[in-house]
Amino acid sequence: MRWRGLSRGLFEGPPRALYQRVGARYFDAAVGAIVLNGVAVTGFGVITLVLYVDVTGAELVLFAACLAAGYTVEGLVTGLYLRRAAQPARSWLAGERGQEATLRAWSAAAGLPLVIVRQPSLYALGAVGAAGADLLLAGQLDLPAYKAALLFPTSYLLYLSSAVLRYIALELGTRPVLEDVGQGLPVAPRPDFLRVSMHQRLLATVPMVTWGASIIVAGLVTENSRDFDTIGLASVVAVGITAAISIWLSLVLADSVSGPIIDLRDATRRVGAGDLGVRVPVVSTDETGELAASFNAMVAGLGERERLREAFGAFVDPAVTERVLAEGADLRGEAVEVSLVFLDVRGFTAVAESTGAHEVVGRLNTLYEAVVPVILSHGGHANKFIGDGLLAVFGAPERHADHAARAVAAAREIAQLVRKGRAGDLEVGVGVNSGRVVVGTIGGGGRRDFTVIGDPVNTVARVEAATRLTGDDILITETTLRAIGPDGDDFEERPTVPLKGKTATVRLYAPRNSGD
């Protein structure tokens, strides 16, 4: 845990600890932190003042109290805006769940820093508080009221610096909430609201730090006086230094930091669109370079997985592939009602003996290239290629109440394709049977196979073999005939044929129109 905190950054630890401690009251605690931030900025203002102006202890205390009061009022108003804007997130922390509520909570927490920084009334309050403290101090020093205008740039720039720091603190403070809320969303949400880019944040924070450092250094080398001339001049000079040096330096720094991140963002969007060939250039040796290298390794892994998925899909039915990817390789066996189609090439032994091996494989592939799409188009699953035979299943793994009608329709279409020579020059017999089987994965030693087990599987192979005796292209069992309902009128019964391995008589039916 310590290593994780150090790797994330020094200032991320306190918000996470506070969130774990207060939970649902986290945003109430954030209001208190905002007020304390104003008190801390007041301390910095007092230090800056004593570096330039010769004030007594009583004068300093009164000035500090007035400045702190202004920051406290501004902080409390900020707290009201914060509580209102964070209401969806507060409700989520209080126990409201659901995908819509979770998405609203995430969006509210993510947009909170920008909502606060875009409130004009806060800047007006900051100006009033700074001007009030300056006028009070001018009166204590017996200076004309207009002299307070010399101190106002310093006081108001100090307030603007506190607003920038508050924005950064709110961004850090909302991270534990965003992580917690984001776990309840199926996909990490992408911000669809206005936001401050990293480039813009660097452009705001670097000049702020430069101005603060400049005015402190100048105060250390100047003599104190009972007026505001020196501090007013120092503030103007510090602004000039910031404009001349710090802004262009912040631009260079912003480009060096945000450039690689922008590349990574664009590449991520391309990956989301399906481009797994994208790579991010590794142009540095810091964390951004490490992130780019990790991204490239991740995309390479995704590409390898996609190639494996495509190769897997060439050997396994897509429906089975999706189930394996979703549920794992161990698909538990379950008993379901299905219809089975068994197809076998007639006279294959003679074909294999009189034809070269490559030609035999080519002719079988031509047949299957025509047959498999027919099976898939009717919602079936090509379960097994057994040399010159093919077993197809309808009703598993995808469930279909009309599995028998689908199987019969596929068998008739296959017979037509073969009869018209659209599946090559091989002849086939097709058997169809329906019944309850067990479907799932079997195997061992790290190998698994999705299969169907049961007497209907054995029977359908015997039904196809009977087509050689009856002379039909298609034979279906009585079980399948009853399952297809009124469409069974298109079939007529064939004389009883003994089926190998079956003691009970199985009634067989063929299409009335032999050319169908």
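# Reading helix packing and cores in a predicted model

Trainee: I'm looking at the start of the chain. Which residues in H2 meet H8, and which in H8 do they touch?

Mentor: From H2, take Pro15, Arg16 and Tyr19; across from them in H8 sit Leu172, Gly173, Arg175, Pro176, Val177, Glu179 and Asp180. Contact here means heavy atoms within 4.5 Å. Helices (H or I, at least four residues) and strands (E, at least two) are DSSP runs numbered from the N terminus.

Before we go on: this is a predicted model, where local features need pLDDT of at least 70 and side-chain atom pairs count only at pLDDT 80 or more, while totals for chains, interfaces and linings use all residues. Residues are numbered from 1 along each chain as its sequence is written, and side-chain values use heavy atoms, with hydrogens and water left out.

Trainee: What classes do the residues of the contact of H2 with H8 divide into?

Mentor: Five are nonpolar, one is polar and four are charged. The nonpolar class is Ala, Val, Leu, Ile, Met, Phe, Trp, Tyr, Cys and Pro, the charged one is Asp, Glu, Lys and Arg, and the others, Gly among them, are polar.

Trainee: At what angle do H2 and H8 pack?

Mentor: Two packed helices are described by the angle between their axes and the distance between the axes. Axes are lines fitted to C-alpha atoms over the stretch in contact, with angles from 0 to 180 degrees between N-to-C directions. Helix H2 (residues 13–22) meets H8 at about 50°, and the axes are 8 Å apart. H2 and H8 are therefore oblique to each other (under 35 degrees is roughly parallel, over 145 roughly antiparallel, 65 to 115 roughly perpendicular, the rest oblique). The crossing is right-handed: the near helix is turned clockwise from the far one by less than a right angle, whereas anticlockwise would be left-handed.

Trainee: And how do I read H3 against H8? What is the angle there?

Mentor: H3 (residues 26–50) packs on H8 at about 150°, with 10 Å between the axes. H3 and H8 are therefore roughly antiparallel, and H3 passes H8 in a right-handed crossing. The H3 side of the contact includes Phe27, Ile34, Phe44 and Thr48, and the H8 side includes Leu151, Thr154, Leu158 and Arg166. By class, that contact has ten nonpolar, six polar and one charged residues.

Trainee: Where does threonine 154 lie, and is it buried or exposed?

Mentor: Threonine 154 lies in H8. Its relative accessible area is 6%, so threonine 154 is buried (buried is under 20%, exposed over 50%, partly exposed in between, for a 1.4 Å probe and protein chains only). Leaving aside neighbours within four places in sequence, threonine 154 contacts Thr48, Trp211, Ile215, Ile231 and Ser235. Isoleucine 215 is 61 residues from threonine 154 in sequence, yet their C-alpha atoms are 8.9 Å apart.

Trainee: Which members of the largest nonpolar core touch the most other members?

Mentor: A nonpolar core is a set of buried Ala, Val, Leu, Ile, Met, Phe, Trp, Tyr and Cys residues joined through side-chain atoms within 4.5 Å. In the largest one, with 48 residues, look for Phe27, Leu82, Leu137 and Phe228. Helix H8 (residues 148–182) gives the most to this core, nine residues. Leucine 82 touches Phe27, Val31, Ile34, Leu112, Ile116 and Leu170, not counting residues up to four places away in sequence. There's also a second, separate core of 38 residues, with Leu343, Val351, Ala410 and Val428 among them.

Trainee: How do H14 and H15 pack, and at what angle?

Mentor: Helix H14 (residues 357–377) and H15 pack at about 155°, axes 9 Å apart. That makes H14 roughly antiparallel to H15. The contact includes Leu367 and Val371 of H14, and Ala410 and Ile414 of H15. The residues there divide into nine nonpolar, no polar and one charged.

Trainee: What about the backbone: which peptide bond is cis, and what is phi of aspartate 142?

Mentor: Most residues other than glycine have a negative phi, and most peptide bonds are trans. The bond from alanine 396 to proline 397 is cis, with omega near 0°. Proline 397 lies in the loop between strand S3 (389–394) and helix H15 (403–419). Aspartate 142 has a positive phi, near 60°, and lies in the loop between helix H7 (120–140) and H8. Aspartate 142 is exposed, at 70% relative accessible area.
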